[in-house]
Amino acid sequence: MPSPEEASTSTTPPETFKELGLIDPLLEALDKINFTKPTEIQQEALPHALEGRDIIGVAETGSGKTAAFALPILQKLWDEPKGLFACILAPTRELAYQIAQQFESLGSAMGVRSLVLVGGMDRMQQAVGLAKRPHIIVATPGRLNDHLQNTKGFSLRSLKFLVMDEADRLLDMDFGPEIDQILKVIPKERTTYLFSATMTTKVAKLQRASLINPIRVEVSSKYQTVSTLLQYYLLVPLVHKDVHLIYLANHLASNSIMIFTRTVHDAQRLSIMLRSLGFPAVPLHGQLSQSQRLGALGKFKSGDRKLLVATDVASRGLDLPSVDIVINFDIPTHSKDYIHRVGRTARAGRSGKSITMVTQYDVELIQRIEKVIDKKMELWPTDKEEVMLLKERVDEAARLAINELKEEAKAAGGKKRRREDGFGRDERDRDDDVVEAGVPRKRHSKKGR
Ligand code: AMP
């Protein structure tokens, strides 16, 4: 595949949605939801998209990239109203719901129907939804494949648009078989958009998406964090991580905070521990049911719970407008994951802070991240004496949390116990929507991820 053409920036892009050539029903919907003027990625991508080009869009989270791909699809749909017109793939379930909501609101004056196909939700209900031929499908790859293989009468033969959101993640090897399978059964003649905050330039990886003469639009240089984000680190001996977390939670009590952990086990453990110490915390990870996950997100979004303790299933793409602070309880091993995590705060021009805990084993990792973001983080000031005053209470709460987890595992029987003793403790969490006949299928190994 030849390298994608870079969009020229020499001409001034249109300042309004009307100037961009959008049709009245879209202008009406944009007005209703108060999108008064296009964001930069929308200004850059829309002219090419409306010309019918394939697009590689690189834009940081919060830049308005969802509307950048949704608007041209809806405009084409208006000319050619058809069921199963576009399919949007997303790596996580919550992101899929968020994208579908945006299609619904932008398409409100057009009567657009969309359907979300993700794991953890009832297959039959989804199959009934498919029979009604929605215009837009938003799916995680595993569940879409499941329907392509098992739902009678459903195919994507009429598809006109394929979008991969968080495309660099979807084109990773561990989504490989599902993506390949989907690409095999959809029309070659289609428009393809790849959007992501971080985007690979590896030709082999991009080739898999079978783009035709794509144009690359980029509104911020690769791997950047926004300037309104203040980034700190906190040096902590490994054994004192819990007590430092509580110290931070105490000091930052009035803020809404996302705490990222590497494992499901820690997300669950810390949220129990925080709650027992009186902090309004709720966990979000891949081992909760989908309704629990949506419930957790809802409580956090509404401000009912101020602390969300999450694994990386919540690190990408989620639009949580009011996150004040991101705490990395575990430093992410990949710089890209760091950028996605801290991108949950300081969105759309707002300010925000991130605090990354760095233990004696993490020094190399933080240096690598600083190199990639091209910024030095500042040390978060702590009062060691004050921290240690909390130690006894925190140790007790941590013990209680472990006991509660053990009790829960015992009550849930073997399946859960296996998770607590094995997977949950050691493995990075991922969205486990690849299910065959109720049995999670083994994925390619994800060395180092
Ligand atoms: P996204 O990058 O797609 O996750 O969008 C980030 C946030 O910006 C979402 O809350 C969108 O609703 C909002 N947004 C997108 N486009 C615009 C616009 N043109 N004007 C105002 N807000 C927007």
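Guide: Two strands count as paired if DSSP finds at least two bridges between them. Keep that in mind as we walk through this model, which is predicted.

Visitor: Over how many bridges do E11 and strand E12 pair?


Guide: Strand E12 covers residues 307–310. E11 and E12 run in the parallel sense, and at least two bridges are needed for a pair. Here the number of bridges is four.

Visitor: Which residue is the bridge partner of Leu284 in E12?

Guide: E11 and E12 pair in the parallel sense. Across from Leu284, the bridge partner in E12 is Ala310.

Visitor: At about what angle to E11 does helix H11 run?

Guide: Helix H11 spans residues 264–276 and packs on the sheet. Its contacts there are with strand E10 (257–260), E11 and E12. Relative to the direction of E11, the direction of H11 makes about 170°.

Visitor: And which strands does helix H13 touch?

Guide: Helix H13 is formed by residues 335–342 and also packs on the sheet, its direction making about 150° with that of E13. The strands in contact with H13 are strand E9 (229–235), E10, strand E13 (325–328) and strand E14 (352–358).

Visitor: Which strands are the edge strands of this seven-strand sheet?

Guide: The open sheet has parallel pairing and the order E11-E12-E10-E13-E14-E9-E15. An edge strand pairs on one side only, which is the case for strand E11 (281–284) and strand E15 (378–379).

Visitor: Why do E1 and E4 each have one side without a neighbour in the sheet?

Guide: Their open sheet has eight strands with parallel pairing, in the order E1-E8-E2-E7-E6-E3-E5-E4. Strand E1 (5–6) and strand E4 (114–117) are left with a free side because each stands at an edge, with a single partner strand.

Visitor: Which residue in E5 stands opposite Cys87?

Guide: Strand E3 (residues 86–89) and strand E5 (residues 136–139) pair in the parallel sense over four bridges. Helix H5 (residues 123–131) lies across E4 and E5, at about 150° to E4. Opposite Cys87 in E5 stands Ile137.

Visitor: How much of the ligand's exposed area does the protein bury?

Guide: Backbone N or O atoms approach oxygen atoms of the ligand at 3.1 Å for Ser63 and at 2.8 Å for Gly64. A polar backbone atom of Lys65 is 3.3 Å from a ligand oxygen. Taken alone the ligand exposes 500 Å², and the protein buries 78%.

Visitor: Of the 13 residues around the ligand, which come nearest?

Guide: The shell divides into two nonpolar, seven polar and four charged residues. Those that come nearest to the ligand are Lys37, Gln42, Gly64, Thr66 and Asp319.

Visitor: What distance separates the C-alpha atoms of Arg208 and Gly176?

Guide: Arg208 is found in the loop between helix H9 (203–207) and strand E8 (215–218). Beyond its neighbours within four places in sequence, Arg208 contacts Leu171, Asp172, Gly176, Ile179, Asp180 and Leu183. Arg208 and Gly176 are 32 residues apart along the chain, and their C-alpha atoms are separated by 9.2 Å.

How values were computed:
Residues are numbered from 1 along each chain as its sequence is written. This is a predicted model: local features need pLDDT of at least 70, side-chain atom pairs count only at pLDDT 80 or more; totals for chains, interfaces and linings use all residues. Side-chain values use heavy atoms; hydrogens and water are left out. Contact means heavy atoms within 4.5 Å. Axes are lines fitted to C-alpha atoms, for helices over the stretch in contact, and angles run from 0 to 180 degrees between N-to-C directions. A residue is near a molecule or strand if one of its heavy atoms lies within 4 Å of it. A polar contact is a pair of N or O atoms within 3.5 Å; within protein, one must be able to donate a hydrogen and the other to accept it, and residues adjacent in sequence count only if both atoms are side-chain atoms. Accessible areas come from the Shrake-Rupley method with a 1.4 Å probe; for residues, only the protein chains shown count as cover. Ala, Val, Leu, Ile, Met, Phe, Trp, Tyr, Cys and Pro count as nonpolar, Asp, Glu, Lys and Arg as charged, and the others, Gly among them, as polar.
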